[in-house]
Amino acid sequence: MMQQEFLQPSCPFHTVINSTLDDELGTCDFNFDDDASDYSLTSNLSYLFSNEMIPFPPCDDELQAMMNEFSMELGNFESVFSDKVKDFGTSFDNSEGSLSLLSQVSSPSTPTKSSEASMDSTVTFLGEDMEIDNQLGVLHLLQAYGEAVEKEQRELADVIIRCLSDKASPAGETLERLAYNLSPDFEKKGDYLMQESRKNFKAAFKAFYQNFPYGRFAHFAANSAILESIPDDAEHVHIVDFDMGEGIQWPSMIEAMARQNRTLRFTSVKIEDSEFARVPRQWSFEETRTQLCDYARDFGLKLKVEEMDFEELVWEMKRKKKGCCKEWSVFNCIVELPHMGRSRSRKHVIEFLQVAKEMLCRSGGIVTLGDGDACEKLTGSSGFGSFFEGYLEHYQAVLESMKISFPTQLAGARMAMECLFVAPYISSHGWLQKWEEIRQGYHLQAGFGLEKCEVSKDFLMEAKELMKGESSYEVTIGGHSKNEIILEWRGTPLVRVSAWRS
């Protein structure tokens, strides 16, 4: 069967290549009030929710101006932060038993490529009179921890993670920050840092989404696939969204449907993912529905937004008449992107995709899948140790891609954003759960029995043109049938977007 092409952009990227961030921010208000709860995400939506992507990265002066305003919202965060972490790591117990267990850890002979670039500090390791690189020491301990968990050596794993606490810091180098989020101390000090960062959550969210490409890239790709797939005679578009969250993906779709004189309906899937949720959701469904409906009203669009669980969704979809050509069904699943701040069970994602397949076999439609997780590329891991290392590499790339865009004087703003948007995904317990799901066969790319939509060359060229200002980012095509468009950072895939249709 011939494959469909998708991702031919409805709004060409080149229209914004030469624009400046100051031009794009002309209608945006970054004078945040003291009360972050009064901050409206729907203010100045014409820029924040534009279907176009701003050039990335913005120049240093522009980024600094934006982040300086966000940093002002942090108040005394940095001074309080320093007080809270100055004694960080003192919990490691250098008892004879602990050292005896730790002596079982063997250091890998060859460091990974990604760690070599940042090995520039030295410390005395475990009291021995020799200088070794602190980053290399942290890397070896992290690798040893993964191996200990794989071999079910729980006591040894506990000792290693406590030793990591002694070397970790939320203000340190990348591996030290990773170790901090994996350490037991994160449960104590990390909760405080999260609470302080959340005081300015919506301001941080807006700055994060606008200045880093992960979410905007995924949303543009998915929305382009949806718009290209809609038949000319479709009068109604029904989008079933696996994780609507704050709804930031959809205003550009609302604008497009208004221009095309179609009606639009959103169904948000209600799923309780308590096992994977480390932080509460920042937006309620009612708030998101109100924001989207208000935005649609400005464009004269008839919009319906509802929420259903899986059982209600299946019952509702089965009521539809088979082959009804007037409505086009869309099943959208975007997961694990940093701005979302929450991890989801792969089992629930597979259940959603199975429902989508069943429903699309009855009527026309498309499935869009965006994934910011490392899980799928690690399905061939020989054990949890290598799976764990794969996750370390993935989130090391995320943290480094953020750090390189921040001036050093804005370290406090960067730490707050890392705490809000990256830390929720860094969890040895969560990674172990995902490893178990992979072993049980929950693979997102295992195939859906639908027709894969091949990525068009035009879109690939436009996306590459967009990202050419930053040599560390690259846009590539992947997947067995060339139906994935991938955003990479220094060779590490950060976001994958693909589409299937009936």
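Which residues in α12 are buried? The legends below begin with this helix and then turn to other close-up views.

**View 1. Helix α12 and its buried residues in the predicted model.** In α12, the buried residues are Phe201, Lys202, Ala203, Ala204, Phe205, Lys206, Ala207, Phe208, Tyr209, Gln210 and Asn211, where buried means under 20% relative accessible area, exposed means over 50%, and partly exposed lies in between (1.4 Å probe, protein chains only). Because 11 of the 11 residues of helix α12 (residues 201-211) are buried, the helix is largely enclosed by the rest of the structure. Helices (H or I, at least four residues) and strands (E, at least two) are DSSP runs, numbered from the N terminus. This is a predicted model, in which local features need pLDDT of at least 70 and side-chain atom pairs count only at pLDDT 80 or more, whereas totals for chains, interfaces and linings use all residues. Residues are numbered from 1 along each chain as its sequence is written, and side-chain values use heavy atoms, with hydrogens and water left out.

**View 2. Surroundings of leucine 142 in helix α8.** Leucine 142 belongs to helix α8, which spans residues 134-150, and counts as buried, with a relative accessibility of 0%. When residues up to four places away in sequence are not counted, leucine 142 touches Leu164, Leu175, Ala179, Leu182, Phe388 and Leu392, a contact being defined by heavy atoms within 4.5 Å. Between the C-alpha atoms of leucine 142 and leucine 178, which are 36 residues apart along the chain, the separation is 9.3 Å.

**View 3. Phenylalanine 285 in helix α15 and the residues it touches.** Phenylalanine 285 is found in helix α15 (residues 285-298) and, at 10% relative accessibility, counts as buried. Its contacts, not counting residues up to four places away in sequence, are with Ser268, Val305, Glu306 and Glu307. The C-alpha atom of phenylalanine 285 is separated by 8.3 Å from that of serine 268, the two residues being 17 residues apart along the chain.

**View 4. The salt bridge between lysine 304 and glutamate 306.** The side chains of lysine 304 and glutamate 306 meet at 3.7 Å, N to O, a salt bridge being a side-chain nitrogen of Lys or Arg within 4 Å of a carboxyl oxygen of Asp or Glu. Lysine 304 is partly exposed, with a relative accessible area of 47%, whereas glutamate 306, at 12% relative accessibility, counts as buried. Glutamate 306 is also one of the residues that phenylalanine 285 touches, and the structure as a whole holds 19 salt bridges.

**View 5. Aspartate 373, arginine 346 and their salt-bridge network.** Aspartate 373 and arginine 346 form a salt bridge through their side chains, at 3.8 Å from N to O. Aspartate 373 lies in the loop between β8 (365-371) and α18 (384-403) and arginine 346 in helix α17 (residues 346-360), so the pair ties together parts that are 27 residues apart in sequence. Aspartate 373 counts as buried at 5% relative accessibility, and arginine 346 is buried with a relative accessible area of 0%. Both residues take part in a network of salt bridges that links Glu336, Arg346, Asp371, Asp373, Glu376 and Lys434.

**View 6. A salt bridge within helix α20.** Glutamate 436 forms a salt bridge with arginine 439, and the closest N and O atoms are 3.5 Å apart. Both glutamate 436 and arginine 439 lie in helix α20 (residues 428-439), 3 residues apart, which is about one turn of the helix. Glutamate 436 is partly exposed, with a relative accessible area of 31%, while arginine 439, at 58% relative accessibility, counts as exposed.

**View 7. Aromatic pairs and one aromatic cluster.** Rings of Phe, Tyr and Trp (its six-membered ring) pair if their centres lie within 6.5 Å, and planes under 30 degrees apart count as stacked, over 60 as edge-to-face and the rest as tilted. By this rule the count comes to 22 aromatic pairs. In one of them, the rings of tryptophan 250 and phenylalanine 266 have their centres 5.2 Å apart and their planes at 45 degrees, so the pair is tilted. Tryptophan 250 lies in the loop between β4 (236-241) and α14 (251-259) and phenylalanine 266 in strand β5 (residues 263-269), so this pair ties together parts that are 16 residues apart in sequence. Tryptophan 250 is buried, with a relative accessible area of 0%, and phenylalanine 266 likewise counts as buried at 0% relative accessibility. Phenylalanine 387 and tryptophan 435 form a tilted aromatic pair, with 5.1 Å centre to centre and 50 degrees between the planes. This pair links distant parts of the chain, with phenylalanine 387 in helix α18 and tryptophan 435 in helix α20, 48 residues apart. Both phenylalanine 387 and tryptophan 435 are buried, and one aromatic cluster is formed by Tyr145, Phe384, Phe387, Phe388, Tyr391, Tyr395, Tyr425, Trp431 and Trp435.
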